[in-house]
Amino acid sequence: MELILNGFKIFMGQFELIMGLIVLVGLLIQKKGAGDVIKGVLKAIVGVMILKQGSTLLQAAYRPIMNILSSAFNITGVVTENYAGMAAISSSLVESVLSVIPIVMLLGFLMNLVFARFTPLKYVFLSGHTMLAFSTLVVWIFHWFFKVEDSILILSASLFCGIYWTVMPAWVHRYAKPFVGNDFTLGHISGTSAVFSTWIGKLLGRYNKTTNPKIHDEDGDTVKLKGFATIFNDSTVVTCLLMTIVLGGIALIAGKDYIIEQQELANITTNWVVYTLELGASFTVGIVVLLTGVRMMVAELVPAFKGISDKLIPNSVPALDMPVFFPLAPLSSILGFIGAFAGEFLGFVILLAVGSPILMIPGIIATFFDGGIAGVFGYKYGGKKAAFISGIVVGLIQILGGVFFTQLSGLAELGATYGNTDFGSIWIIISGVMSIVRNIWVFLLILIVAFAGAILALKPKKSEKNA
C-alpha cells in the first residue's frame, strides 16, 4: 500500500505525466487511431516540459533581482513561497502525521471526481503539484487546530481538499467562461486573484452584462502604430523593453557593488552592465518559451478532454495551472506581474512602518503567476489599467493578508508560509473559523453547509448549460 501511495505522490508531482495520461484516456475514449494517440500524448507531455522550462527561465531572471534587493537593503523575513512552506511542514510533522499526506491527496482527488460526476459543479482539478502542496498544508492545519490524527485526519482533510478543488475552479469559471468557454478553468490555490481582479476590472471598465458586456482582446484593442512605432505592436518587443527597464532599473538602484556580488555568487563573468541589461531579455525568453509550451499543451488537451467530458464525467471542465491563461492576454499578464511586484513592495513598506513582528518577503513564483492571472482577468473586464491595478491589489493581499494567515495558521512558528492570493484572503476566514471552533465535527458541519451553499450559488443556470 505504501508503495502505491508513494508512486501516486510521485506521479501527481509530475504535471507532464498527468497531462499525458488525460490526453491518452480522452483519445482512447474517442477511438482515435494509434498515430493520433501517440502524437497527442507526446505533444502534450513535451508542451508541459517546455512550459516548465519557461518557468525555470523566468525564475532565473527574476531571482537575482530579489537577491540584489535583499542584500542591498538588508531585507529579511518570511518568504511567500509555497514549496518553502511545504518543506518546513514536512520537516516538523511527526512521521505518523506526515505519512497521511499522499493518502489525503489521493482521496481528495477521488472526492473531486465524485463531486464533478454527481453535483452540478463539473470541474476536474488536474494541477497535481499544487494538490501535493495543498494537501500538505491542509494536513498541517487540521492537525494544528484540531489535534486529530489517523483516520479522522485522513477523512476530514480529504473531504476539505475535494470540496476546495471543486468549488474554487467553479468560482473562477463563472468569470473565465465569457472568454474561454468550457475549454478549461483555473486549477490552483490562487482562484481569488482571478475573482478579485474580475471585480476590479468590472468596476474600472464599467462592465455590465446587459448594457456594456465588453470582453477586451489585446489583438482587437491594440492601436496599430506606423513607422518606427510599429515595434510596439509586438508583445515580445514590448515585454523585453518593459522588463529591461523594470528589472535593470531595480538592479541599478541597488548599485553596482551588489550586482557584481550577485554575479560572483552565480559564477557569472559577464560585464555587470551587460548582465543588467540582459535581465529583461532573459525574462522575455522565459515568457516566450512558457507561452509556446502552454499553447502546445492546450492544443492537445482540450480536444482530448472532450472524450472524458462526453463519456466519463459528462459536461466536465478541466481545471488547469495558471499559465494556460497567459496566452489570452500576454502583455496584460506582464502588467499584472509588475503591479503585483509594486503592491508587494508597498505592502512590505507598510509592514515596516507599523512595526509588524512578521515581515513578508515576496516569493518569485506567487508574485509572477498570481500577478499574471490578475493581469489577464483585470484586463479582460477592464482594460490595461485594470490589469496593472489588479496586480497591485493582489500583491498587497499576498503581503498584508499573508501576515494574518501566517500567524493564524501556526506557520509563523516554522518561519515559513504559503504565498498565493487565496492564503492572504479567504484562508484568513477559514483559519479564523478553525481557531474559534476548535472542534473537528463542528467544523465539518460548517464545511458541508458551505459546500451546499456554493453548489446553489455556482451551479450553471439553465441558459448557460449549453452555452
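This is a short tour of a predicted model, with stops to select one after another in your viewer.

**Stop 1: the salt bridges**

Let's begin with charged side chains. Side chains of opposite charge can pair when their charged atoms come close. How many salt bridges does the count come to in this model? The count is three, and we will visit each of them.

Select Lys52 and Glu16 and show their side chains. These two meet in a salt bridge, with 2.8 Å from N to O. Now colour the helices they sit in: Lys52 belongs to helix H3, residues 34-73, while Glu16 belongs to helix H2, residues 15-29. The two partners are 36 residues apart, and the pair links distant parts of the chain. Are the partners buried or partly exposed? Lys52 counts as partly exposed because its relative accessibility is 32%. Glu16, at 10%, counts as buried because buried means under 20% relative accessible area.

Stay on helix H3 and select Lys43, then add Glu300. Here is another salt bridge, and the closest N and O atoms are 3.7 Å apart. Lys43 lies in helix H3 and Glu300 in helix H13 (residues 272-311), so this pair ties together parts that are 257 residues apart in sequence. Lys43 is partly exposed, with a relative accessible area of 34%, whereas Glu300 counts as buried at 15% relative accessibility.

Next, follow helix H13 to Lys306 and Asp310. Their side chains also form a salt bridge, with 2.8 Å from N to O. What separates these two along the helix? Lys306 and Asp310 are four residues apart in helix H13, so about one helical turn lies between them. Both are partly exposed: Lys306 has 48% relative accessibility, and Asp310 has 45%.

**Stop 2: Asn82**

Select Asn82, which you will find in helix H4 (residues 82-92). Asn82 counts as buried, with 9% relative accessibility. Which residues does Asn82 touch, leaving aside those up to four places away in sequence? Show Ile189, Thr417, Tyr418, Gly419, Asn420 and Phe423 to see these contacts.

**Stop 3: Phe326**

Move on to Phe326, in the loop between strand S4 (317-320) and helix H14 (330-354). Although Phe326 is in a loop, this residue counts as buried, at 1% relative accessibility.

Now bring up what surrounds the side chain. Leaving out residues up to four places away in sequence, Phe326 touches several others, including Leu290, Leu291, Phe368 and Phe369. Ser333, Gly372, Ile373 and Val376 are also among the residues Phe326 touches. Try a distance label between the C-alpha atoms of Phe326 and Leu291: these atoms are separated by 7.1 Å, and the two residues are 35 residues apart along the chain.

**Stop 4: the second largest pocket**

For the last stop, select Val167, Ile426, Ile430, Leu447 and Ala450. Of the 18 residues that line the second largest pocket, these lie nearest its centre. This pocket has a volume of about 500 Å³.

Which elements give two or more residues to the lining? Colour helix H8 (150-180), helix H17 (426-437) and helix H18 (440-458) to see them. H18 gives the most, with eight residues.

Finally, colour the lining by residue class. The lining has 17 nonpolar residues and one polar residue, and no charged residues appear there.

How values were computed
Residues numbered from 1 in each chain as written. Predicted model: local features only at pLDDT ≥ 70, side-chain atom pairs only at ≥ 80, totals over all residues. Heavy atoms only, no water. Salt bridge = Lys/Arg side-chain N within 4 Å of Asp/Glu carboxyl O. Buried < 20%, exposed > 50% of the residue type's maximum accessible area, 1.4 Å probe, protein only. Contact = heavy atoms within 4.5 Å. 1 Å grid on protein atoms, 1.4 Å probe; cavity = no way out; pocket = protein on both sides within 12 Å on 5 of 7 lines; lining within 4 Å. Points joined across faces, edges and corners; volume = space filled by probe spheres on them. Nonpolar A, V, L, I, M, F, W, Y, C, P; charged D, E, K, R; others polar.
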